[in-house]
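Biologist: I should like to understand the reasoning behind the terms used for this structure. Please set each value against its definition.

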Amino acid sequence: ISGRLGRWMRLDEKDERIITMCGMSAGFAALFGTPLAAAVFSMEMVSVGVMYYAAMVPCLLSALIARLTAGLLGAVPAAFDLAALPELSAPNMARLAVLGVLCALLSILFCTAMHQAARFYGRVTDKPVVRAVLGGALVLALTLLLGTEDYCGAGMEVIGRAVAGTARPEAFLLKIGLTALTLGAGFKGGEIVPSFFAGATFGCVAGPLLGLPASFGAAAGLTAVFCGVTNCPMTSILLAYELFGGAGLPQFALVCAVSFMLSGYSGLYSEQKII
């Protein structure tokens with residue numbers, strides 16, 4: 001919407017880019033209620049390694065206005081309470097680093113699945129309608145086979161249960177698979193919340209195995225997998241602050257930093273430039 005507005009306003013290339021980033025910030029902030037992360041996200045994801053500071057004021061204003069407008073319309077910002085938090089100690093730092101490594105691997109798997117699913121459908125048929133029917137049939141059949149609708153839709157309830165300390169061990173793999181089948185069939189958008197889902201459910205299961213609280217493992221997994229698939233570490237740290245209240249921010253930062261460092265050049269967005 002914002003990009004189209006920029007063209008209608010006959011903006012030059014630089015200003016059209018900024019107004020598009022404003023739209024990204026506004027949409028993110030309205031949806032999740034996290035204006036700081038939203039403002040930085042659009043500046044950070046376009047060119048990894050170079051922050052587009054010229055857009056800071058318009059992106060921040062857009063995010064704040066969108067958040068206020070969404071609130072007036074009844075939207076409730078996403079927020080979670082952590083049941084437990086690991087203390088910042090040398091052994092726990094090692095455990096957090098290992099969780100970051102695992103989240104990096106999961107983010108690579110997530111991105112690979114999204115890209116390979118599109119190639120799979122392309123080999124089967126080049127007709128968009130047939131792809132949509134095939135994808136819908138596959139998702140429906142798998143949902144009936146699983147006997148649950150936990151993997152349909154955004155899945156914020158499942159994320160909430162994971163942060164509370166409860167998740168099925170296979171949930172992250174099923175969500176990745178069903179999301180890949182859906183997006184590969186032609187559905188546009190919808191990668192961010194599934195990455196939250198996969199990271200939270202994986203972290204909830206992996207955290208206790210590493211000696212970390214399940215609740216914190218889910219929260220750290222959510223932010224670290226998001227970091228790995230988007231290549232946006234500063235956004236991820238701000239997201240942890242806004243979603244989880246700021247407690248344990250150094251611990252979140254360590255997991256996100258390791259995930260960012262080891263996730264490589266994989267990412268959800270083909271237009272993203274890694275500098």
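**Two threonines and two helix pairs**

Modeller: Certainly; please bear in mind that this is a predicted model. We may begin with single residues.

Biologist: Why is Thr69 called partly exposed?

Modeller: Thr69 has a relative accessibility of 38%. Buried requires under 20% and exposed requires over 50%, so Thr69 counts as partly exposed. Thr69 belongs to helix H4, which covers residues 56-72.

Biologist: Why does Thr179 count as buried?

Modeller: The relative accessibility of Thr179 is 7%. Because buried means under 20%, Thr179 is placed in that class. Thr179 is found in helix H8, residues 171-184. Beyond its neighbours within four places in sequence, Thr179 is in contact with Met114, Gly190 and Pro194.

Biologist: What makes the pair formed by the side chain of Thr69 and the backbone oxygen of Ile65 a polar contact?

Modeller: A polar atom of the Thr69 side chain lies 2.7 Å from the backbone oxygen of Ile65. The cut-off for such a pair is 3.5 Å, and the distance falls within it. Thr69 also has a C-alpha atom 7.7 Å from that of Ala30, a residue 39 places away along the chain.

Biologist: Ala30 leads to another helix. Which residues make the contact between H2 and H4?

Modeller: From H2 (residues 13-32), the contact involves Ile18, Met21, Cys22, Ser25, Ala26, Ala29 and Ala30. From H4, it involves Pro58, Cys59, Ser62, Ala63, Ala66, Arg67 and Ala70. These divide into 11 nonpolar, two polar and one charged residues. The axes of H2 and H4 come within 8 Å and cross at roughly 35°, and the crossing is right-handed.

Biologist: Why are H5 and H10 called oblique to each other?

Modeller: Helix H5 (residues 90-124) and helix H10 (residues 214-230) pack at about 50°, with axes 8 Å apart. Roughly parallel would require an angle under 35 degrees, and roughly perpendicular one of 65 to 115. The angle of about 50° fits neither range, nor is it over 145, so H5 and H10 are oblique. The crossing of H5 and H10 is right-handed.

Biologist: How do you know that the contact of H5 with H10 has no charged residues?

Modeller: The residues from H5 are Leu96, Leu99, Cys103, Leu106, Ser107, Phe110 and Cys111. Those from H10 are Phe216, Gly217, Ala220, Gly221, Ala224, Val225, Gly228 and Val229. Charged means Asp, Glu, Lys or Arg, and the division is 11 nonpolar, four polar and no charged. Gly counts as polar by that definition.

Technical notes: Residues numbered from 1 in each chain as written. Predicted model: local features only at pLDDT ≥ 70, side-chain atom pairs only at ≥ 80, totals over all residues. Heavy atoms only, no water. Helix = DSSP H or I, 4+ residues; strand = E, 2+ residues; numbered from the N terminus. Buried < 20%, exposed > 50% of the residue type's maximum accessible area, 1.4 Å probe, protein only. Contact = heavy atoms within 4.5 Å. Polar contact = N/O pair within 3.5 Å; in protein donor to acceptor, adjacent residues only side chain to side chain. Axes fitted to C-alpha atoms, helices over the stretch in contact; angles between N-to-C directions. Left-handed = near helix turned anticlockwise from the far one by under 90°.
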